[in-house]
Structures are given as C-alpha cells and as structure tokens.
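Here is a short round of questions and answers to read alongside the model. Take a look at the structure, and then we can go through it together.

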Amino acid sequence: MRDLVVGMRYLARGQRWVAGHGRWWGFGMIPALIALVLYAAALTVLALFSGDLAAWVTPFADGWGAPWQGLLRGLFVALLVAGGLMLSVLTFTAVTLLIGDPFYESLSERVEESEGHCPGAPDRSLWREIRIALCDSVQVLLRAAPFGIALFVLGFVPFIGQTVVPAVGFCVSGFFLAVELTSVAMQRRDIPVGDRLRLLGGRKALAVGFGTPIVLLFLIPFAAVLLMPGAVAGATLLVRDLVPDERAADAPGAADGPGAEMPVAVAGPVGAGAPPEAGTWGMSGVGGSGGGFGPPPAPFTPGPGA
C-alpha cells in the first residue's frame, strides 16, 4: 500500500515540474495532441461500426427473440468499445513518445539535470533511437496482449465481468503504461526492455500506483494532452530513484542538490555503500525493501552505455 502512494507522488511531482517549466509543458502537449486526433478518429470509426461487427461475430443469435439478441450484442459492443479504449490507453503513450521522441528525450534530460545529474545517453542516431523505441513498444504490447485477451473473455462472466474485471484491467493497464513512460529514462541508461519489466515487476505496487491514475485520467477528454509532459517528467523521477546512478552519488553537490528532496532507492543500508544483494531494492524511508506485491527484482547492472 505504501508503494501505491509513492507511485502517485511521482506523478504529482512530474506535474509540478512541468507546471514550473511552462515552455516544456507547452511543447510537450503538441505530440500528444497529434496522437489524440488520430486515436479519436480510430475510436469513432470503431464505435460507428461496432454494431455491424457484433452482428457479424454472433450469427447464431440471428434467430433469437427479444431481449436476448439485443442483450448479447449490446454486451459485445460494450466489451469491444471498452477493449478499444484499453488498447488505446496502452498504445497512446507509445505512439505519442514515438511522435515526440526528440522532445521527450530532451524533456527527460532537463528533468534529470534539474535534479543534479543526468546520465550520458548512448551514442546512437535519432533513427536508431526511434527504431529501438518502436521495437520496445511492440515487445511491451505483446507482453500486455495475453492479459487483455484474458480480461476480454472474463468480461462475459456475469457480475465479475462488470465489477472485478474492469478494476483489474485498469491496474494491468497502469503497470504497462508505467513501463512505457519510464522507457525514455531507461533507454538513456541502456536498460533493455526485459530488465525494465523485471525492475518494475519487482515493485508492482509502485508501478501501478504511478500508472493507474494516468490510465483513469487519460479517459477524460483532452486530459492525456495536458498530462503527458508531466507523466514523462514523473516517470523520469521514478527511474532516478529506482535505478540509482553511481556517478550521481560521486558528483559534487549531489548529496544536497534538488534530487535530495526525496530519498532514493538504494541497495543495502542507506549510505553504507554496500554492494547490491538480491531482495534489497527499496525506497529508502518510504517503501521498505518489499514495497510492492510479488518478489523484489534481482539487482540490475547497467549496460555499457548507462
């Protein structure tokens, strides 16, 4: 429960950061606005043709009388639209990050610099960065797809499909949305997508606490456009504390810089410089060593480009 609150605090910190840097906030809304227009058009087409699609998928109900035919096809339409909304939430961030990749990379770097230190990015061309981001997003989507399919099927179960399944769906979407949003800062540290999933999987409550409120807020029209820059900023702050950079600790003034306002994730006793050990990832002073639900991740060793 404590990590859930900590995740929400990262989202609030990110929104406060962009609110204090209006120019970055304004430019950050442009890629999100472009993506919103594209998704609005796609969802409108889905809604217009969902009835015809429901009739095509359920031909066995053609001979059913009222009200059973209408109930079945109405439920299918509702689940189809809900699935489209969930898919749009899962992929909106990835598409927006691809559209605005150079900007969001600069935004994330600026956030890290304001906190006292920014790790050097790997020496890659812009097109290679976009290609890597696209491949990573596809991998995340493939990991999320089985959950989406299972929840879609369970949505047909009476009562559970209308109560428990949507709640679980929002949490699952929130976790994978957190994975997407942290990708900008993770890529700068040259952390592959598998290790990102492992790191956030060991702190599921932290990831869900950060991502699920964004999923819910993204359902509000135009909220995604307004919140996207702050979501990237908050995800950057989360990564800074989840994956401490050894060079930041050695940098002059790092201990009393802006990044010291919240305790960071460390391996072992705080400030002891102990080598990382399995099960020691935690949010010092806020999350403890367990924090989330599920086993904590094994220590991560940054790649050569980190």
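Q: How many helices and how many strands are there in the protein chain?
A: This is a predicted model, in which local features need pLDDT of at least 70 and side-chain atom pairs count only at pLDDT 80 or more, while totals for chains, interfaces and linings use all residues. Residues are numbered from 1 along each chain as its sequence is written, and side-chain values use heavy atoms, with hydrogens and water left out. Helices (H or I, at least four residues) and strands (E, at least two) are DSSP runs, numbered from the N terminus. On that basis, the protein chain has 11 helices and 0 strands.

Q: What percentage of the 306 residues of the protein chain count as buried?
A: Buried means under 20% relative accessible area, exposed over 50%, and partly exposed in between, with a 1.4 Å probe and protein chains only. Among the 306 residues of the protein chain, the share that counts as buried is 45%.

Q: Which residues touch the most other members of the largest nonpolar core?
A: A nonpolar core is a set of buried Ala, Val, Leu, Ile, Met, Phe, Trp, Tyr and Cys residues joined through side-chain atoms within 4.5 Å. The largest one has 57 residues, and helix α10 (residues 223-242) gives the most to it, with 13 residues. Contact means heavy atoms within 4.5 Å, and, not counting residues up to four places away in sequence, Leu-181 touches residues including Met-228, Ala-231, Val-232 and Ala-235. The two members that touch the most others are Leu-181 and Phe-210.

Q: Where is the kink in α10 centred?
A: The 20 residues of α10 reach 27 Å from first C-alpha to last, close to the 28 Å expected at 1.5 Å a residue (1.5 Å times one less than the number of residues). The bend at a residue is the angle between axes fitted to the seven residues ending there and the seven starting there. In α10 there is a kink of about 35°, and its centre is Pro-229.

Q: Why is α10 described as largely enclosed by the rest of the structure?
A: Burial is the thing to check here. The helix α10 is largely enclosed because, of its 20 residues, the number buried is 19.

Q: Is Thr-212 buried or exposed?
A: Thr-212 sits in helix α9 (residues 204-218). Leaving aside neighbours within four places in sequence, Thr-212 is in contact with Phe-170, Cys-171 and Gly-174. Because its relative accessibility is 10%, Thr-212 counts as buried.

Q: Which helix supplies the largest share of the lining of the second largest pocket?
A: A pocket is an open set of points on a 1 Å grid over the protein atoms alone, where a 1.4 Å probe fits, with protein on both sides within 12 Å along at least five of seven lines; lining residues have an atom within 4 Å of a point. The second largest pocket is lined by 26 residues, and α3 (68-99), α5 (126-154) and α6 (164-181) each supply at least two of them. The largest share, 10 residues, comes from α3.

Q: What is the phi of Phe-159 near?
A: Most residues other than glycine have a negative phi. Phe-159 lies in the loop between α5 and α6 and is exposed, with a relative accessible area of 61%. Its phi is positive, near 65°.
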